[in-house]
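Q: Got a minute to go through a structure with me? I'd like to talk it over before I set anything up.

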Amino acid sequence: MSLQDDLSAVRRNLDELTRKVEQLEQQAKRQKPGPATAPDPSRMVTIPDTPYDNALWTDTDDEGLGARDRRAP
C-alpha cells in the first residue's frame, strides 16, 4: 500500500469512529437515569474486627517475597 492509501484508510476509520461515538452519545441522551437505590442489606457481609487466626497463615509464602525459610538467589 502507498502512503496515500494508508492515509485514506486512517481517514475512513476515523470517520467511522466519529460516527460510532455520535451514536453512543445519542443513545446516552435518550436513556434516563433511574432513581438512586440504597444497597440491599441482605447482600451485605459483616467483617468482624477480631484478628484472624494465625493458623490461617501457616506455611504461606509472602507474595512477592518468596518462602520464609529460603533465601533469594
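Q: Let's start with Leu56: buried or exposed?
A: Leu56 counts as exposed, because its relative accessibility is 52% and the cut-off for exposed is over 50%. Keep in mind that this is a predicted model.

Q: Where does Leu56 sit along the chain?
A: Leu56 is in the segment after helix H1, and that helix covers 3-30.

Q: And which residues make the nonpolar surface patch?
A: Leu56 is one of them, together with Val45, Ile47, Tyr52 and Trp57. The patch they make comes to about 630 Å².

Q: OK, zooming out. What's the secondary structure of the protein?
A: One helix and zero strands.

Q: How much of the protein counts as buried?
A: Just 1% of the 73 residues.

Q: What about the area the protein exposes, and how much of that do carbon and sulfur atoms supply?
A: The protein exposes about 7,900 Å², and carbon and sulfur atoms supply 54% of that.

Q: Switching to charges. How many salt bridges does a search of the whole structure find?
A: Two. In one of them, the side chain of Glu16 meets that of Arg19, with N to O at 2.8 Å. The other pairs Glu16 with Lys20, where the closest N and O atoms are 3.8 Å apart.

Q: Why does 3.8 Å still count for Lys20 and Glu16?
A: Because the cut-off is within 4 Å, nitrogen to carboxyl oxygen, and the closest N and O atoms of Lys20 and Glu16 are 3.8 Å apart. Since the two bridges share a partner, Glu16, Arg19 and Lys20 are joined into one network.

Q: Where do those partners lie, and how many residues apart are they?
A: Arg19 and Glu16 both lie in helix H1, three residues apart, which is about one turn of the helix. Lys20 and Glu16 are in helix H1 too, four residues apart, again about one turn.

Q: Why is Glu16 put down as partly exposed?
A: Because its relative accessible area is 33%, and partly exposed runs between the 20% and 50% cut-offs.

Q: And what about Arg19 and Lys20?
A: Arg19 is at 44% relative accessibility, so it counts as partly exposed. Lys20 counts as partly exposed as well, because its relative accessibility is 42%.

Conventions. Residues are numbered from 1 along each chain as its sequence is written. This is a predicted model: local features need pLDDT of at least 70, side-chain atom pairs count only at pLDDT 80 or more; totals for chains, interfaces and linings use all residues. Side-chain values use heavy atoms; hydrogens and water are left out. Patches are made of residues with over 30% relative accessible area and no salt bridge: like charges are joined within 9 Å, nonpolar side chains (Val, Leu, Ile, Met, Phe, Trp, Tyr) within 5 Å. Accessible areas come from the Shrake-Rupley method with a 1.4 Å probe; for residues, only the protein chains shown count as cover. Helices (H or I, at least four residues) and strands (E, at least two) are DSSP runs, numbered from the N terminus. Buried means under 20% relative accessible area, exposed over 50%, partly exposed in between (1.4 Å probe, protein chains only).
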